[in-house]
Amino acid sequence: MLNQMELHETDGVHYMTFPALDEYPQLLHSFSTRVGGVSEGYYESLNFRNGDAPDNILENYQRICRAVGYEFDGLVASAQDHHTTLRYVTELERGVGITKPRDMDSVDGLYTDVPGITLVTSYADCVPLYFFDPTRNVIALAHAGWRGTVQRIGEKMTETLCRQFGCSSQDIIAAIGPSIGPCCYEVDETVREQVMRLDDIVPEEVLEEQGEGKYLLDLWECNRRILVLAGIPDENISVGEVCTKCHPELFFSHRLLGENRGGMVAMMSLKEAQSLDF
Ligand SMILES: [Zn+2]
């Protein structure tokens, strides 16, 4: 265990999961590390960020699919730009952003109720939010940097699942994955002002003053509170508490490495009925 998450290794590929989500046999999920891929240089080695040789990224996807159990043909990737556009994906989107070009400019959250489709969102310090409703069999991933957080993408996703699938927020299981932690995420006055505008969030509980106009921001707690306010019970929310900047051996961190770095992916999929081993 690395804080609230578990680190796994299959055929050299290292990835993390949440024990609370591992309990559901119909679900697959993961957060990649940088260990076990074929990329080189500053993308070494399990990289999913564009700019790297496309064949290497595809081979890295193949490797994580084999390690976790996803079907490569069912991957659908987002096209994130720090907004809060959410997209429902189905069979029609198979391969989008992976083997087919991205067909939307801005998608920071993906959701589906189609088994065999694997949602893929990208990270290098921002917060991955995982959603699963075991009663409706619906899954979702959302990318929450500070912008997505102050725009309440977690609440927006919860509301979308409730509206579109008749989910009850009480039933949703959520998890907050590896990202830059309150130990390392220094922000300035501009970001602080945006965070202060969030209703029902006590600034002193998510911001720690460092002097000279700098603050440490706790994006995990901000997002946890937003999910609770959206109606997801406290006990249904796992917070990984894994900082990407504190673990350079495991993760690419934008704050640590700047632009010369690779990126990780969060992935989530509902298994197809025939592959369920009851
Ligand atoms: Zn840290």
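# Close-up views of a predicted model

**View 1. Four cysteines hold the zinc ion.** Four sulfur atoms, the SG atoms of C183, C184, C243 and C246, coordinate the zinc ion at 2.3 Å. This is a predicted model, so please read each view with that in mind. The angles among the four donor atoms run from 103 to 115 degrees, and the site is tetrahedral. Along the chain, the donors follow the spacing C-C-x58-C-x2-C. The neighbours C183 and C184 make a nice pair to look at: C183 is partly exposed, with a relative accessible area of 47%, whereas C184 counts as buried at 17% relative accessibility.

**View 2. Cysteines C162 and C167 stay unbonded.** A disulfide is a covalent bond between the sulfur atoms of two cysteines. How many disulfides does the structure hold? The count is zero. C162 shows the reasoning at one cysteine: its closest cysteine sulfur is in C167, 5.7 Å away, which is too far for a bond, because a disulfide needs the two sulfur atoms within 2.5 Å. C162 itself is partly exposed, and its relative accessible area is 24%.

**View 3. Nonpolar side chains gather in two separate cores.** In soluble globular proteins, nonpolar side chains tend to be buried together. Here the largest nonpolar core has 40 residues, and the members that touch the most others are L129, F131, M157, L161, I176, V195 and L217. Helix α7, residues 219–229, gives this core its largest share, five residues. A second core, separate from that one, has 30 residues, including F31, I117, C126 and A266.

**View 4. Strand β8 is enclosed by the rest of the structure.** Now zoom in on β8, which spans residues 127–133. Is this strand largely enclosed or left open? Seven of its seven residues are buried, so β8 is largely enclosed by the rest of the structure. In a regular strand the side chains alternate between the two faces of the sheet. In β8, V127, L129, F131 and D133 point one way, while P128, Y130 and F132 point the other way. Residues on both sides of β8 are buried. Two of these, L129 and F131, were met in View 3 among the residues with the most contacts in the largest nonpolar core.

**View 5. Two antiparallel partners flank β8.** Strands of a sheet pair through backbone hydrogen bonds, either parallel or antiparallel. Strand β9, residues 138–144, runs antiparallel to β8 and is joined to it by seven bridges. Two facing pairs help you find your way: F132 has I139 of β9 as its bridge partner, and Y130 stands opposite L141 in β9. The two strands form a hairpin with four residues between them. In the turn, N137 has a positive phi of about 55 degrees. With strand β10, residues 173–176, β8 also pairs in the antiparallel sense, over four bridges. Here F132 appears again, standing opposite I173 in β10.

**View 6. Six strands make an open sheet.** Stepping back, β8 takes its place in a sheet with the order β5-β6-β9-β8-β10-β14 and mixed pairing. Which strands stand at the edges? They are β5 (86–88) and β14 (237–239), each with a single partner strand, so one side of each is left without a neighbour in the sheet. From one strand to the next, the twist averages 15 degrees.

**View 7. Strand β3 is mostly covered and pairs with β2 and β15.** Strand β3 covers residues 27–32, and six of its six residues are buried. L27, H29 and F31 point one way from the strand, and L28, S30 and S32 point the other way. F31 is also one of the residues of the second nonpolar core. Strand β2, residues 13–17, pairs with β3 in the antiparallel sense over two bridges, and Y15 stands opposite S32. Strand β15, residues 264–270, is another antiparallel partner of β3, over five bridges. Across that pairing, the bridge partner of S30 in β15 is M267.

**View 8. T149 is buried in helix α3.** T149 belongs to α3, a helix of residues 146–150. Because its relative accessibility is 2%, T149 counts as buried. The C-alpha atoms of T149 and H83 are separated by 9.7 Å, and these residues are 66 apart along the chain.

Key: Residues numbered from 1 in each chain as written. Predicted model: local features only at pLDDT ≥ 70, side-chain atom pairs only at ≥ 80, totals over all residues. Heavy atoms only, no water. Donors = N, O, S within 2.8 Å, 3.2 Å for Na, K, Ca; no water. Tetrahedral: all angles 85-135°; square planar, octahedral: opposite > 155°, others 65-115°. Buried < 20%, exposed > 50% of the residue type's maximum accessible area, 1.4 Å probe, protein only. Core = buried A, V, L, I, M, F, W, Y, C linked by side-chain atoms within 4.5 Å. Pairing = 2+ DSSP bridges. Axes fitted to C-alpha atoms, helices over the stretch in contact; angles between N-to-C directions.
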